[in-house]
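Here is a friendly walk through one protein model, meant to be read with the structure open beside you. Take a moment to turn it around before you start reading.

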Amino acid sequence: MWFILLSLAIVALTCLIYNQYTFWSRNGVPGDKHLIPFGSLKETVFGKKATGLVIHNIYKHHKEPFVGVYMLFQPALLIRDVELVRNVLVQDFNSFHDRGTGTKVTIELFSMRGASWKTLRAKLTPLFSTGKLKSILTSVNEVGDRMLNHINTQLVESKYPGLPFLNRECTQDYKIPNSDYTVKKGTSVIISVLGLHYDPENFPDPMKFDPPRFSEEQHNYNADAYMPFGEGPRPCIARRMCSINSKIAVIKVLANFNIAPKEHKEIEIDFSPGVAFIPKGGLQMKLTKKIK
Ligand code: HEM
C-alpha cells in the first residue's frame, strides 16, 4: 500500500515540477535555459554571481523584447525592450503597480501593495520636497566635512545602478502591444537596469567610462533606457536627496584629496551575491590629502 502511495506522490510531484518549469514553453514565450530546482539562478544559489549579473547575462544572450525566466521555482518575465519597459513602469502602471515582494500585512513602502502603498507614498513624498531638501543642505554639508576624516570611499560610474534590476507584479491581465501574448495577473516581471545601461543600442561604447556622454552637448544615449532610481509613479522616493548627497560627497572628496587605485593594476569589479549591487570587499582607493 505504502509503495503505491509513494509512487503516486512521486508521479504527482514530477507532474507539478514539469508543469512549473514548462510554463513559458507552454505559453509560447521564448525562455532562457534553466536547471531544476534553481531555475535561472544556479550561479546565485551557489554564491558565484550576484542576481543582477545573472539577469544581465540573460538580457545579453537574447534579442527578443521579452524572455521567460525562472526565479528558482517562480516563472518571471524579463522585459528587454525599452519601449515595453516604459509601458510597464510608466504608461501602463495600473497593470503593474506592485512589486510582488512582502505580504499583505507588509508595512514598508518598498513592498507595500495597491491602495496602502498609494496612501503611504502620498504621506511620505512631502518629506523629500524641494523645501525640505534645502533645509537639510547645511547638515549634509557638515556631514560631508566629517566624512573626510573617516574616508574609505568608492567611486563608481553612475551607469552602475545600486539596484541592478527592478521588479513588478502584474496586477491585472496585460496584453503586450504588438504581440499575441497576455501577461496574466500575478506574473512577476523583471527589468534588467544593468542590461539597459550596458546595451550598445542604448549607450554607444557602453563599457567606456565617458561621463561627458551625459552632457547636453553630447547626449549620445537613449534617455528612456537610463533609470538608476527606477521610473514611473513608483521610483525611489529619495532619489533627489540621494542625488544631491552623493554629489556633495564626491565634491568634498575631490576638493580635498587626490585619488588613485590602491594597487597599480586594472581594477576588476566583483560584486557581492546579494540583490543590491555592492562591490565585493569594497573598492580600495588610496587617498592623499591635497595641500591647499
Ligand atoms: C544612491 C542611493 C539610492 C539608489 C541608487 C536607490 C535606488 C532605488 C531604486 C532603483 C528603487 C526602485 C525603483 C523602482 O522600482 O522603479 C528604489 C526604491 C525605493 N527607495 Fe531608493 N535608492 C537609494 C537610496 C535610498 C534612500 C537613502 C532611501 C531612504 C531615505 C530610499 C528609499 C526608497 C524607497 C522607500 C523605495 C520604494 C519606493 C516605493 O515603492 O514607493 N532609497 N530606490
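## A pair of strands to begin with

In which sense do β3 and strand β6 pair, and over how many bridges? The two run antiparallel, and five bridges join them. Please keep in mind that this is a predicted model.

You can follow the pairing residue by residue. Arginine 168 has valine 189 of β6 as its bridge partner, and asparagine 167 is matched with isoleucine 190 of β6. In general, strands of a sheet pair through backbone hydrogen bonds, in either a parallel or an antiparallel way.

## The sheet as a whole

Step back, and β3 and β6 turn out to belong to an open sheet of four strands, ordered β1-β2-β6-β3, with mixed pairing. β1 (66-71) and β3 (165-169) are the edge strands; each has a single partner, so one side of each has no neighbour in the sheet. On average, neighbouring strands of this sheet are turned by 30° against each other, direction ignored.

The parallel part of the mix is found between β2 and β6, which are joined by four bridges. Here isoleucine 79 has isoleucine 191 of β6 as its bridge partner. β6 itself is mostly covered, with four of its five residues buried.

## Helices against the sheet

Two helices are worth finding next. Helix α4 (residues 51-60) packs on the sheet and touches β1, β2 (74-79), β3 and β6. The direction of α4 makes about 85° with that of β6. Helix α5 (residues 82-91) lies across β1, β2, β3 and β6, and runs at about 115° to β2.

How much of α4 is covered? Seven of its 10 residues are buried, namely Thr51, Gly52, Val54, Ile55, His56, Ile58 and Tyr59. The cover over these buried residues includes α3 (42-45), the strands β1, β2, β3 and β6, and α8 (193-197).

## The nonpolar core

The largest nonpolar core holds 30 residues, and Leu78, Ile79 and Val189 have the most contacts inside it. The elements that contribute two or more residues to this core are α4, β1, β2, α5, β3, β6 and α8. β1 gives the largest share, with five residues.

Isoleucine 79 is a good residue to click on. Leaving aside neighbours within four places in sequence, isoleucine 79 is in contact with Phe66, Leu84, Val85, Val88, Val189 and Ile191.

## Three exposed positions

Now for some residues on the other end of the scale. Threonine 103 sits in the loop between α5 and α6 (114-124). Why does threonine 103 count as exposed? Because threonine 103 has 7 C-beta neighbours inside 10 Å, and a residue with 12 or fewer is classed as exposed. Threonine 103 and arginine 113 are 10 residues apart along the chain, and their C-alpha atoms are separated by 8.6 Å.

Alanine 115 lies in helix α6 and counts as exposed because it has 9 C-beta neighbours inside 10 Å. From alanine 115 to leucine 196 there are 81 residues in sequence and 30 Å in space, C-alpha to C-alpha. Glycine 186, in the loop between β5 (182-183) and β6, is exposed too, with 11 other C-beta atoms within 10 Å. Neighbours within four places in sequence aside, glycine 186 is in contact with Glu169 and Cys170. Glycine 186 and proline 206 are 20 residues apart in sequence, while their C-alpha atoms are 34 Å apart.

## Around the ligand

Which residues are closest to the ligand? They are Gly162, Gly230, Cys236, Ala238 and Cys242, out of 17 residues that surround the ligand. By character, the shell divides into 11 nonpolar, three polar and three charged residues.

## The chain in overview

The protein chain has nine helices and eight strands, and its C-alpha atoms fill a box of roughly 85 × 45 × 40 Å along the principal axes. Of its 292 residues, 20% count as buried. Among contacts in the chain with a separation of 6 or more, 62% are between residues 24 or more positions apart.

Conventions:
Residues numbered from 1 in each chain as written. Predicted model: local features only at pLDDT ≥ 70, side-chain atom pairs only at ≥ 80, totals over all residues. Near = placed C-beta within 6 Å. Nonpolar A, V, L, I, M, F, W, Y, C, P; charged D, E, K, R; others polar. Pairing = 2+ DSSP bridges. Axes fitted to C-alpha atoms, helices over the stretch in contact; angles between N-to-C directions. Contact = placed C-beta atoms within 7 Å. Core = buried A, V, L, I, M, F, W, Y, C linked by C-beta atoms within 7 Å.
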